[in-house]
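This report describes one protein chain for a reader who has not met it before. Please look through the sequence and the structure below, then read on.

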Amino acid sequence: MADLEGSAWDSSSAGGRSSSGTTGAGEIAVTEDDARFRDGTAGIAGIPDAEAGSALEIGRADGSDDTLRARTAVFFERKRPPRLVLPHPRRRPKRDRHARTRVAFLRYSYYDIVFKFFVEHVLDADYLPLPEPTKRTVELGSRNSGDSVCAPFKHILGDYIEALELGADVLVQFAGPCRLGYYGELQESILRDMGYEFEMLNFATVTGKPLTDYIEVCKKKVNPNLSVPHGVRGMLAAFKMIEFLDEAHDFYLAHAGFEVEHGSFDRALAAYHAEMRAAACERDIAEAQRRGLESLRGLPVRRPERPVRVGVVGEYFTAADPHSNLGLERKLLDLGMEVHRQLNMTNRNLRYNERNLRAGISDYVRYDMGPTSSMTIAAALRYAQEGFDGVVHLKSSGCTPEVDCIPVLQQVSRDTGLPILYLSYDSQTSDTGLDTRLEAFYDMLAMKKEQTI
């Protein structure tokens, strides 16, 4: 204010020129526009004359237009009513529900792909993959098992021991259709006696109970932060993955025996499994299935006019797991057969209907004989009715339900003329001896087929 009052004002200067009077230090140059504004003779674009003077009193002026505009802006800003400025809402960080628990399953055919998806996208934990089994795997299981238990018990126990050696925190056991349902508790006891510390997620303990019990045991054993909606979506995708894997394997068994280039079907199937193993959602699963089937269907085959067709039936674990049956399916394919196997997770777990199966075999069976007995007999009878050349029945030593099936299968064979080869496996079964029996069986079927032309 003192500087403004001590300034020299020259209202006669034209064009807004500043006066040349000086007052020493603190000199302020005032234009004609500033003087008119200060005297109240003119206003500044929208500022009332009575208030215009206060705009000039803000800061020091150098007579430039920029200074005047800046002072005007400050004036308007002070006259603006106060605004309520709300703090920017901070987005809540996404909760990390993933558990660092390392979960391991038993080895069972190609279903390790589903086990991996289940652990990572249903339980939301870390899956511990197991390497290919070796002779040591069976030896570990046999050494720590009783002599009277079946071969699958020894295989699974050996899998668990190797999983714990690799650092597994949780082992998973199914609710088996036979004594497999009791294996979890017994194997847990054996492993704890061996000094291992772990958790056993044994679904046999909640069989037949509400879904909430399954969720609670998964939260308790694996992941307390488990998301139920996410887990349900993942479980539905896992069911679809099972169906797709079984569909692709059925195609493989029906056509790989006639491949033009040896090993082409195995390579295509391995690539398909690798892509399915990397799937993270249902869309990935569907895309892997589409590409996998396209690859398998595009392989050249040299199919004979009347191929030898064989059906595989038997016990749930041994008939489906190539490590347990010494690669029986691949051996049959190498002999040039068309192979079919009705027993898989899709038909036995997802779409199983005991009443319908028993209705189809009512001439042979009147009651439920065991976990896979009805399917074994029904599949053998269907293969006979569809003109198959033979059936291979697989079981582990000591499997009571499948032992009971044998007299019924023998009667089916007598009634239909269907040859049936019976194979029983234990931890001492010889691979060479199996090759000899399969080659003899194939020669017999091929000779019989030639005689019926």
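Where does D124 lie? D124 is found in the loop between α5 and β2 (126-127). The model described here is a predicted one.

**Two loop residues with positive phi**

D124 is not a glycine, although it has a positive phi of about 55 degrees. With a relative accessible area of 17%, D124 is buried, because buried means under 20%. S109 is not a glycine either, and it has a positive phi of about 55 degrees. S109 sits in the loop between β1 (102-104) and α5. Its relative accessibility is 16%, so S109 counts as buried. S109 appears again below, where the second largest pocket is described.

**Salt bridges**

Side chains of opposite charge can pair when their charged atoms come close. In this model the count of salt bridges comes to 25. Three of the pairs are set out in the table, and a network follows.

| Pair | Closest N to O distance |
|---|---|
| R277 and D112 | 3.2 Å |
| R291 and E275 | 2.0 Å |
| D334 and R330 | 2.9 Å |

What does the salt bridge between R277 and D112 join? R277 forms a salt bridge with D112, with 3.2 Å between the closest N and O atoms. R277 is in helix α11 (residues 264-277) and D112 is in helix α5 (residues 112-121), so the pair ties together parts that are 165 residues apart in sequence. Both partners are partly exposed: R277 has a relative accessible area of 31%, and D112 has one of 24%.

The salt bridge between R291 and E275 has its closest N and O atoms 2.0 Å apart. This pair links distant parts of the chain, with R291 in helix α12 (residues 282-297) and E275 in helix α11, 16 residues apart. R291 counts as partly exposed at 38% relative accessibility, and E275 counts as partly exposed at 26%.

In the third pair, the side chains of D334 and R330 meet at 2.9 Å, N to O. D334 and R330 both lie in helix α13 (residues 328-334), four residues apart, which is about one turn of the helix. D334 is partly exposed, and its relative accessible area is 48%.

Salt bridges also form a network, which links R107, R136, D159, E162 and E165.

**The largest pocket**

Rolling a probe the size of a water molecule over the atoms shows where empty space is left. The largest pocket holds about 1000 Å³ of space. Its lining is made of 32 residues, and those nearest its centre are F118, F203, Y214, M235 and F239. At least two lining residues come from each of α5, α9 (211-221), α10 (228-255) and α14 (345-350). Which helix gives the most to this lining? Helix α10 does, with eight residues. By type, the lining of the largest pocket divides into 26 nonpolar residues, five polar and one charged.

**The second largest pocket**

About 680 Å³ of space lies in the second largest pocket. This pocket is lined by 30 residues, and S109, Y110, E132, P322 and H323 lie nearest its centre. The loop residue S109, buried at 16% relative accessibility, is thus one of the residues nearest the centre of this pocket. Helices α5, α10, α11 and α13 each supply at least two residues of the lining. Helix α11 gives the most, with five residues. The lining of the second largest pocket divides into 15 nonpolar, six polar and nine charged residues.

**A nonpolar surface patch**

V228, V232, L236, F239 and L350 make a nonpolar surface patch of about 370 Å². Helix α10 gives the most to the patch, with four residues. L236 is found in helix α10, and at 53% relative accessibility it counts as exposed, since exposed means over 50%. F239 belongs to this patch and is also among the residues nearest the centre of the largest pocket.

Definitions and conventions:
Residues numbered from 1 in each chain as written. Predicted model: local features only at pLDDT ≥ 70, side-chain atom pairs only at ≥ 80, totals over all residues. Heavy atoms only, no water. Salt bridge = Lys/Arg side-chain N within 4 Å of Asp/Glu carboxyl O. Buried < 20%, exposed > 50% of the residue type's maximum accessible area, 1.4 Å probe, protein only. 1 Å grid on protein atoms, 1.4 Å probe; cavity = no way out; pocket = protein on both sides within 12 Å on 5 of 7 lines; lining within 4 Å. Points joined across faces, edges and corners; volume = space filled by probe spheres on them. Nonpolar A, V, L, I, M, F, W, Y, C, P; charged D, E, K, R; others polar. Patch = residues over 30% accessible without salt bridge, like charges linked within 9 Å, V, L, I, M, F, W, Y side chains within 5 Å. Areas by Shrake-Rupley, 256 points an atom, 1.4 Å probe, with all protein chains shown as cover.
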